[in-house]
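This report describes how the strands and helices of one protein chain are arranged. Please keep the sequence and the structure in view while reading.

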Amino acid sequence: MNYKKILFLLATGVSLTSWGFVGCTPQETNVEAEKPEAPTLAGQTETPATQPQERPGDVPYVPTPQAVVDAMLEVAKVGKDDVLYDLGSGDGRIVTTAAQKYGVKKGVGVEINPELVQEANANAQEAGVSDRVQFVQQDLFKSDFSEATVVTLYLLPDINLKLRPQLLQQLKPGTRIVSHAFDMGEWQPEQTLQVDGRTIYYWVVPEEIPANLK
C-alpha cells in the first residue's frame, strides 16, 4: 500500500480492509491530450455505458457523508442554472443530490470504475433524475469539463495539485470548485468549512490566473 492510500485512509478514518478505487493514474496526466466532447444526457452517446476498466485508479473509493455533500453544494450556492461536474463521482451521490435537492439543470459524474458508474446510474434512476444527470466512465485527466459552473472533488492532495492546472485552464472565470478533505497547495481557498469533523475547501476561478498556479 503506498503512502497516498495510507494518507487518505488516515484522513477519513476508513478501515484498511475495504475500499474500491476511483479516479485516475496521475503519472499518465497529460492536460494537452485530445479532449472528448462534453457528455450529453441520458443515452445520447454511441459508446457503451461502461467498458472494461483500463487500469486501477489511485484514489480509494470512500463515499462522502450526506451532510458533507449538502454542505459542499450549499457553500457553492448550487442552483437551477448550474452545470455540475463531480470528478471521481463514485456512487453518484453528489451529482444526484445536486439534481434532486438543488435543481441543477445538468450534472455529470466522471468515474473510472465501471461498476461504480453502473451503481451511480441506478441511484440516479431511483431518485428520478436520470433526465438531468449522466455518469461517464473516463479518466478525469482526459476529461473535458469546460462547461461546468461548479466542480466537486474528493480525491487526494497530489491528485488535486496535478489537476489544478487543468481546472484553471478549462474552467471559465467565476466557476466554483469545492473539495472534500484536501486543499490545492498554494491556491488559497476563499472559504474553509468544518462539517461533522470533515473539512471542505471552496474556491472561485479568478479572471486572471496567478503565475504560481499555472
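## Strand E4

In this predicted model, strand E4 has side chains pointing in two directions: Lys-106, Val-108 and Val-110 point one way, while Gly-107, Gly-109 and Glu-111 point the other way, and all of them are buried. The strand, which spans residues 106-111, is accordingly described as mostly covered, with 6 of its 6 residues buried.

Which strands pair with E4? One is E3, joined to E4 by 5 bridges in a parallel arrangement. Another is strand E5 (residues 133-137), which also runs parallel to E4 and is joined to it by 5 bridges. As a general principle, the strands of a sheet pair through backbone hydrogen bonds, and the pairing is either parallel or antiparallel.

## Two crossovers

Individual residues show how E3 and E4 are matched: Leu-84 has Gly-107 in E4 as its bridge partner. Between these two strands the chain passes through helix H3, and this β-α-β crossover from E3 to E4 is right-handed.

On the other side of the pairing described above, Gly-109 stands opposite Phe-135 in E5. The chain travels from E4 through helix H4 (residues 114-127) to E5, and this β-α-β crossover is right-handed.

## The sheet as a whole

How many strands form the open sheet? There are 7 strands, in the order E5-E4-E3-E6-E7-E9-E8, and their pairing is mixed. The edge strands are E5 and E8, each of which pairs on one side only. From one strand to the next, the twist averages 20°.

An antiparallel pairing is found between E8 and E9, which share 5 bridges. Within this pair, Gln-191 stands opposite Tyr-202 in E9. Helix H3 packs on the sheet, where it touches E3, E4, E5 and E6, and its direction makes about 165° with that of E3. Helix H4 also packs on the sheet, touching E4 and E5, and its direction makes about 170° with that of E5.

## Two buried polar residues

Thr-96 lies in helix H3. Is this residue buried or exposed? Thr-96 counts as buried because its relative accessibility is 8%, which is under the cut-off of 20%. Apart from neighbours within four places in sequence, Thr-96 is in contact with Asn-123, Ala-124, Ala-127, Val-129 and Phe-135.

Asp-91 is located in the loop between E3 and H3. Its relative accessibility is 8%, so Asp-91 counts as buried. The side chains of Asp-91 and Arg-93 are joined by a polar contact of 2.7 Å. When neighbours within four places in sequence are set aside, the contacts of Asp-91 are Tyr-61, Leu-116, Glu-119, Ala-120 and Asn-123.

## Helix H2

Helix H2, made up of residues 66-75, is mostly covered, and 7 of its 10 residues are buried. The buried residues of H2 are Val-68, Val-69, Asp-70, Ala-71, Met-72, Leu-73 and Val-75. What covers these buried residues of H2? The covering elements include helix H3 (93-100) together with the strands E3 (83-87), E6 (150-153), E7 (176-180), E8 (191-195) and E9 (198-204). After H2 comes Lys-77, which has a positive phi, near 50°.

Technical notes. Residues numbered from 1 in each chain as written. Predicted model: local features only at pLDDT ≥ 70, side-chain atom pairs only at ≥ 80, totals over all residues. Heavy atoms only, no water. Buried < 20%, exposed > 50% of the residue type's maximum accessible area, 1.4 Å probe, protein only. Helix = DSSP H or I, 4+ residues; strand = E, 2+ residues; numbered from the N terminus. Contact = heavy atoms within 4.5 Å. Polar contact = N/O pair within 3.5 Å; in protein donor to acceptor, adjacent residues only side chain to side chain. Pairing = 2+ DSSP bridges. Right-handed = clockwise from strand over helix to strand, strands pointing away. Axes fitted to C-alpha atoms, helices over the stretch in contact; angles between N-to-C directions.
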